[in-house]
Amino acid sequence: MYYGRFYRRSRSVNRQSTSTTSLLFDVNDPNTMTRPKDVSTKWSKSTVDVARSSRYGVVTVYDNNYGATSVLKESKTRLTSVLPKVNGSWDVHTHCEWCGQALDYVAIIVGINDKNESTVSHIGCDCVGKIFGINWFGYRNADNAKKVLVEAAKSRRRAEEYPVKYAKELLWLKSVPEFLRNKHQFLNDMIEIIEKGSRPISKKMENYLKSYMSRKEFDPKTFASAKLEIDKTLEKLTMILRLVESVDTTEDARSKPWSAYSFVRSIKERFEMYHSPLTAKQMEGLNKVYTRYKGFTKKSIENKMKGDANEIPW
Ligand SMILES: [Zn+2]
């Protein structure tokens, strides 16, 4: 007899766990409440008016296939403890209150208008999308949908908070030259995280960023001199490449084994991409190319053109 009781109990617990129970938005915090992004063509005029005049937050999401009576009770208790007067029905709904579509997953949303009156509505995927700007299709269960909604709300909040909280860091990040940032992807990621709030910033990330800011090579003063150095090197590389091109004028000549064209071009391309200082060996090689090509007189070029193409002309 006791056994049977326990059995029934544990079954009913299992059923409840298919639905979700948490309060997703703080209804007293206007930042977590959203105004409709768009107005559905499927809504009646009175629904459009209601939607336009209120801000919304999701209370809970339930799976209509399982029924959700106990979840609704809990949502109601939680919500009425923060908002004493909530108008609206808490029964299980089979159709969206706003557009009339049949429901599988139901979002219970609370709306608060400018007069601080609150209403509760049970709506479906389409209407959630219209309000929160999130496409709800394709989510396999209410739990996933809830996670997405919670994440979107948190991101929105962080996107407002972070640019203010990390204003100094953002300014510094933006002052780091792009080529340097591209070598340290973390810095690019941080710009995105601060601006878009795409994920929370942990203490560890904060400290890591600070360690970057204190590094000498990332001192804004050194950026300027580093850039000057890069410009100088680039100027030299361009000059040598032009010199080689002026001697090896044709595609054919440039592809010959004795032409320095591909050697110089590959060094220049790599430098443009990574800005890493040239190695001693590269510099030596470039110097040799420079002296060799500089030594060509007009006459020797002519001779070279006349000579056997398989013979190295110098
Ligand atoms: Zn709807």
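Two strands count as paired when DSSP finds at least two bridges between them. Keep that in mind as we walk through this predicted model, starting with strand E3, which covers residues 105–113.

On one side of the story is strand E1, residues 54–63. E1 and E3 are joined by nine bridges and pair in the antiparallel sense. To find one of these contacts yourself, look for Tyr62: its bridge partner in E3 is Val106.

Now turn to strand E4, residues 118–123. E3 and E4 also run antiparallel, with six bridges joining them. Here you can pick out Ile109, which stands opposite Ser121 in E4. The two strands make a hairpin, and four residues sit between them. One residue in that turn, Asn116, has a positive phi of about 70°.

So how enclosed is E3? Eight of its nine residues are buried, so the strand is largely enclosed by the rest of the structure. In general, side chains in a regular strand alternate between the two faces of the sheet.

E3 also matters when we look at the largest nonpolar core, which has 31 residues. The members that touch the most others are Val61, Val106, Ala107, Ile109, Val110, Ile123 and Val128. Strands E1, E3 and E4 each supply at least two residues of this core, and so do helices H3 (69–82), H4 (125–132) and H5 (142–165). E3 gives the most, with seven residues.

Finally, another core lies apart from that one. This second core has eight residues, including Leu237, Ile240, Val244 and Val289.

Notes: Residues numbered from 1 in each chain as written. Predicted model: local features only at pLDDT ≥ 70, side-chain atom pairs only at ≥ 80, totals over all residues. Core = buried A, V, L, I, M, F, W, Y, C linked by C-beta atoms within 7 Å. Buried ≥ 20, exposed ≤ 12 C-beta atoms within 10 Å, placed from the backbone.
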